[in-house]
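Let us walk through this protein together, one site at a time. Keep the viewer open as you read, and turn to each place as it comes up.

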Amino acid sequence: MSQTQLYPVVMAGGSGSRLWPLSRVLYPKQFLCLKGDLTMLQTTVNRLNGVECESPVVICNEQHRFIVAEQLRQLHKLTENIILEPAGRNTAPAIALAALAVKRHNPDADPLMLVLAADHVIQNEEAFRTSVRNAIPYAESGKLVTFGIVPDLPETGYGYIRRGEVCEGKVDAVAFNVAQFVEKPNLETAQGYVATGEYYWNSGMFLFRAGRFLEELKKYRPDILSACEKAMEATDPDMDFIRVDEDAFLACPEESIDYAVMERTADAVVVPMDAGWSDVGSWSSLWEISQHTPEGNVHHGDVISHDTENSYVYAESGLVTTVGVKDLVVVQTKDAVLIADRNHVQDVKKVVEKIKADGRHEHHIHREVYRPWGKYDSIDSGDRYQVKRITVKPGEGLSVQMHHHRAEHWVVVAGTAKVTINDDVKLLGENESIYIPLGARHCLENPGKIPLDLIEVRSGSYLEEDDIVRFKDRYGRI
């Protein structure tokens with residue numbers, strides 16, 4: 001194994017609207033457990049076990065920062081290693097931020113960067129690790145490596161890479177010079193690509209030295225590099241996060257790494273990877289990679305199927321049953337249900353567009369919402385009232401706050417609550433309750449060793465989350 005430091009860079013942005021209603025703007029697919037017990041982000045990080053590397057650098061949206069931090073914390077991989085993008089600017093700027101951060105931590109070296117997406121499934125993880133190891137000598141020599149997925153069918157939803165001559169080098173592994181990047185083809189063209197054996201699916205995974213990438217970016221897109229350098233000049237460390245200068249980054253052009261660098265550089269090489277890869281871009285692709293019943297069905301949650309074939313059925317809360325159907329996707333969440341023909345799931349995004357156009361919220365947020373201190377579930381609502389179930393993790397607490405338009409009642413269901421109302425502090429146990437008057441300065445904390453569960457009943461003329469004035473917050477949200 002090489003002695004050069006290797007930094008995994010995990011890109012965890014995006015909304016994944018084609019996997020609605022599970023994937024939402026504030027809780028997209030990379031943070032979901034779609035296959036197995038770990039989220040897609042956590043699986044991506046764990047996939048690196050067996051590869052000698054540093055803790056990953058994760059790039060995500062500001063709105064997702066606490067979700068990412070919690071999921072890394074569960075893996076013991078939280079090391080002030082989350083870069084926050086003020087807004088999405090595609091992959092070239094995101095990778096540039098990571099490269100500049102890596103170089104800043106290693107001013108006297110030029111470490112390797114393994115760029116990964118947080119929302120890919122790789123079923124043969126050892127084959128993935130072997131491809132990474134095979135690519136390292138090329139990256140160390142100054143090449144910009146992309147990983148080409150060996151295709152097993154003429155997929156029209158992926159871009160392709162055409163390989164050229166074998167890349168010369170004093171290594172045993174085979175890599176090829178990149179001859180051409182091609183856009184998503186039609187079916188006939190894709191069939192021709194697969195038949196030649198010279199084309200790979202474009203995985204969006206890369207390996208190169210941080211400095212080499214920045215050199216090529218400066219050569220071909222100096223405007224992107226300049227904006228990212230300015231954004232990194234005034235970083236604001238905040239707990240486990242690195243905040244870049246917002247104005248500088250918003251001025252950065254939006255561009256993919258393929259268009260900005262990989263299609264232009266003379267040093268692009270492709271290393272084949274045959275590892276059961278999928279970008280899980282639709283419900284049908286998730287059905288394909290999941291374990292099936294003898295009838296070809298995939299069940300998740302409380303599901304009963306009778307006379308049902310080749311269907312994907314997901315139940316988040318409550319029983320879901322199917323009778324006499326086939327080739328369906330049925331996804332039930334607490335606030336929405338999707339029923340689709342498995343061969344038409346690419347059009348789910350059109351439903352999301354309609355929801356958004358109608359001014360609804362189901363594309364944006366789940367009924368159950370995660371916060372750095374825990375979560376809340378909106379159980380019921382009506383005219384001038386709202387009911388939530390709130391869970392506060394041990395040792396955590398909400399901000400010191402007040403509301404202009406609502407009062408609140410809290411009933412403790414489990415655990416112990418430390419409640420401060422103005423200057424009065426009380427400890428509440430199970431089955432005890434307290435009233436928070438409108439305009440009162442208050443705080444809720446969990447001083448115990450087990451999760452605190454309580455029911456919150458809001459009443460007033462305006463009940464939305466933005467009716468909040470924070471005076472003090474341990475998570476920097478003031």
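With which side chain does the side chain of Arg458 make a polar contact of 3.0 Å? The partner is the side chain of Glu465. Before we go further, please keep in mind that this is a predicted model. A second polar contact, of 2.7 Å, joins the side chain of Arg458 to that of Glu456. To find the spot in your viewer, look in strand S29, which covers residues 452–460 and holds Arg458. Arg458 has a relative accessible area of 4%, so this residue counts as buried. What surrounds Arg458, once its neighbours within four places in sequence are left aside? The contacts include Arg384, Tyr385, Gln386 and Lys388, then Arg406, Ala407 and Glu408, and finally Leu463, Glu464 and Glu465.

Two residues from that list make a good next stop. Arg406 and Glu408 form a salt bridge with each other, and their closest N and O atoms are 2.8 Å apart. Are these two partners buried or exposed? Glu408 is buried, since its relative accessible area is 2%, and Arg406 is buried as well, at 3%. Elsewhere, salt bridges that share partners link Lys143, Arg212, Glu215, Glu216, Lys219 and Asp267 into one network.

Let us look at one pair inside that network. The side chains of Glu215 and Arg212 meet in a salt bridge with an N to O distance of 2.9 Å. Why are they about one helical turn from each other? Both belong to helix H6 (residues 210–220), and they are about one turn apart because three residues separate them along that helix. Their surroundings can be described through accessibility: Glu215 is partly exposed at 46%, whereas Arg212 is buried at 14%.

Another salt bridge brings together the side chains of Glu368 and Lys375, at 3.6 Å from N to O. Here Glu368 has a relative accessible area of 23%, so this residue is partly exposed. Lys375 is partly exposed too, with 26%. How many salt bridges does a search of the whole structure find? The count is 32, and the pairs described above are among them.

Now for a sheet. An open arrangement of four strands runs in the order S14-S16-S18-S19, and the pairing is mixed. Which strands stand at the edges? They are S14 (298–300) and S19 (337–341); each has a single partner strand, so one side of each is left without a neighbour in the sheet. From one strand to the next, the twist averages 5°. At the S19 end of the order, strand S18 (residues 328–332) pairs with S19 in the antiparallel sense, over five bridges. If you would like one position to check by eye, Gln332 has Val337 in S19 as its bridge partner.

It helps to step back to the domains at this point. The domain assignment divides the chain into domain 1 (6–278), domain 2 (292–357) and domain 3 (368–472). How far apart are the C-alpha centres of domain 2 and domain 3? The distance between these centres is 35 Å.

Finally, a few backbone details deserve a look from anyone who checks torsions. Trp20 and Pro21 are joined by a cis peptide bond, with omega at about 10°. Pro21 sits in the loop that runs between strand S1 (6–11) and helix H1 (40–46).

Two residues that are not glycine have a positive phi, and we can take them in turn. For Asn90, phi is about 75°. This residue is found in the loop between strand S3 (82–85) and helix H3 (91–105), and its relative accessibility of 36% makes Asn90 partly exposed. For Val280, phi is about 45°. Where does Val280 lie? Its place is the loop between strand S13 (277–278) and helix H10 (283–289). Is Val280 buried or exposed? With a relative accessible area of 0%, Val280 is buried.

Notes:
Residues are numbered from 1 along each chain as its sequence is written. This is a predicted model: local features need pLDDT of at least 70, side-chain atom pairs count only at pLDDT 80 or more; totals for chains, interfaces and linings use all residues. Side-chain values use heavy atoms; hydrogens and water are left out. A salt bridge is a side-chain nitrogen of Lys or Arg within 4 Å of a carboxyl oxygen of Asp or Glu. Helices (H or I, at least four residues) and strands (E, at least two) are DSSP runs, numbered from the N terminus. Buried means under 20% relative accessible area, exposed over 50%, partly exposed in between (1.4 Å probe, protein chains only). A polar contact is a pair of N or O atoms within 3.5 Å; within protein, one must be able to donate a hydrogen and the other to accept it, and residues adjacent in sequence count only if both atoms are side-chain atoms. Contact means heavy atoms within 4.5 Å. Two strands pair if DSSP finds at least two bridges between them. Axes are lines fitted to C-alpha atoms, for helices over the stretch in contact, and angles run from 0 to 180 degrees between N-to-C directions. Domain bounds come from an automatic or database domain assignment.
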